[in-house]
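Here is a short note to help you find your way around this structure. Please keep the 3D view open as you go through the points.

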Amino acid sequence: MSSYILAVDTATEACSVALCCAGGQHDAEIISRFAISPREHTQKVLPMVEEVLAEAGITLNQLDALAFGRGPGSFTGVRIGVGIAQGLALGADLPMIGVSSLMALAEGAYRSTGQTQILVAIDARMSEIYCAQYQRDAQGFWLGEETEAVMMPADFKAQFSTLMGNWCHAGTGWLAYPELLSGSLAISDSQITLPDAQDMLPIARQLWLAGKVTAVENVEPTYLRNEVTWKKLPGRE
C-alpha cells in the first residue's frame, strides 16, 4: 500500500516543499522544490505544493499526512509555514507532523556527507544562535532533540568543545560566527546551511509510522524565543 506525506517549510530564508511517495518502509521516491526567497514565502509555497502534487499525479486529499517545519527560525517564516500547513491540512482533513528545523538540517548534513554526528547552528540574530547536537543511531533516528536551545555562540562552543569523535556542522550560524570553528575539535563542513523540506520527510515518515501525529487544532510552532522579544526589534525576522 502506497503512502504519501507532503512536507512544507518556510522557517528560514529558504522556501521548500517535498513529497514522499512510499510503497514500503524503505522504498520511497521524493519530489521536491527549493528556493531561497526570504520575503516571498507566501507567493512561492502554494505554487510549489501544486507542482509536486501534479508531478506525482495525486491530489491533496490523497495524502496520508502533512509535515511542516515547526521552527526554530525566523518568527515570521515559522508563522507563515505553520499557518499555510494548517490551512492545507484542515481543507483535506489530514493529520500533521511537526519537524524541527534544526533536525532537518542534521538530516541534510547526513544526506550530503554520510556523517552521523552533527552540530547544528542557525543565526538567531541578537548575537545568538539556535543550536543543537545530534547523533544518528543504527535505526536512522536522530538523538539530541533535548539539546535544542537558543544561546550565545560562545556558550554553544563551550558545550561541544569537549566532544570526541568525528563531527560535522550545518546551518547559517557557522558562517555568521566563524569563531565557533576555532579550537581543538575538528568539525567538517556539510555545505548544508538551510533546512530543506526533502530532509524533513525521512523524519516525518518515522513519526507517521509510529503514530506520532498531531491534529490541526493542536499544532504548535517552536520559536525557542518568544514573540515579545521579536517585536522589540523592528525589521528583524
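**A first tour**

1. Let's begin where the two domains meet. Domain 1 and domain 2 bury about 1,300 Å² between them, and 54% of that area is on carbon and sulfur atoms. Buried area here is the accessible area (1.4 Å probe) that two parts lose on being put together, summed over both.

2. A word on the source: this is a predicted model, in which local features need pLDDT of at least 70, side-chain atom pairs count only at pLDDT 80 or more, and totals for chains, interfaces and linings use all residues. Residues are numbered from 1 along each chain as its sequence is written, and side-chain values use heavy atoms, with hydrogens and water left out.

3. Which residues make up the domains? Domain 1 covers 3–100 + 195–218, and domain 2 covers 101–189; these bounds come from an automatic or database domain assignment. To the contact, domain 1 gives 18 residues and domain 2 gives 18 residues, where contact means heavy atoms within 4.5 Å. The domain centres, taken over C-alpha atoms, are 23 Å apart.

4. Next, have a look at helix H3, residues 101–113 (helices are DSSP runs of H or I, at least four residues, and strands are runs of E, at least two, numbered from the N terminus). Its 13 residues reach 18 Å from first C-alpha to last, close to the 18 Å expected at 1.5 Å a residue; the expected span is 1.5 Å times one less than the number of residues. At the start of H3, a side-chain oxygen of Ser100 comes to within 3.1 Å of the backbone nitrogen of Leu102. After H3 comes Gly114, with a positive phi near 80°.

5. Among the buried residues of H3 are Ser101, Leu102, Met103 and Ala104. Buried means under 20% relative accessible area, exposed over 50%, and partly exposed in between (1.4 Å probe, protein chains only).

6. Is Leu201, in helix H6 (residues 197–209), buried or exposed? Leu201 is buried, because its relative accessible area is 1%. Leaving out residues up to four places away in sequence, Leu201 touches Ile5, Leu6, Ala7, Ala18, Leu19, Cys20 and Ile30. Leu66 is 135 residues from Leu201 in sequence, yet their C-alpha atoms are 9.9 Å apart.

7. Finally, find Thr10 in the loop between strand S1 (3–9) and strand S2 (14–24). Thr10 counts as buried because its relative accessibility is 1%. Not counting residues up to four places away in sequence, its contacts include His41, Val45 and Gly77.

Notes
Polar contact = N/O pair within 3.5 Å; in protein donor to acceptor, adjacent residues only side chain to side chain.
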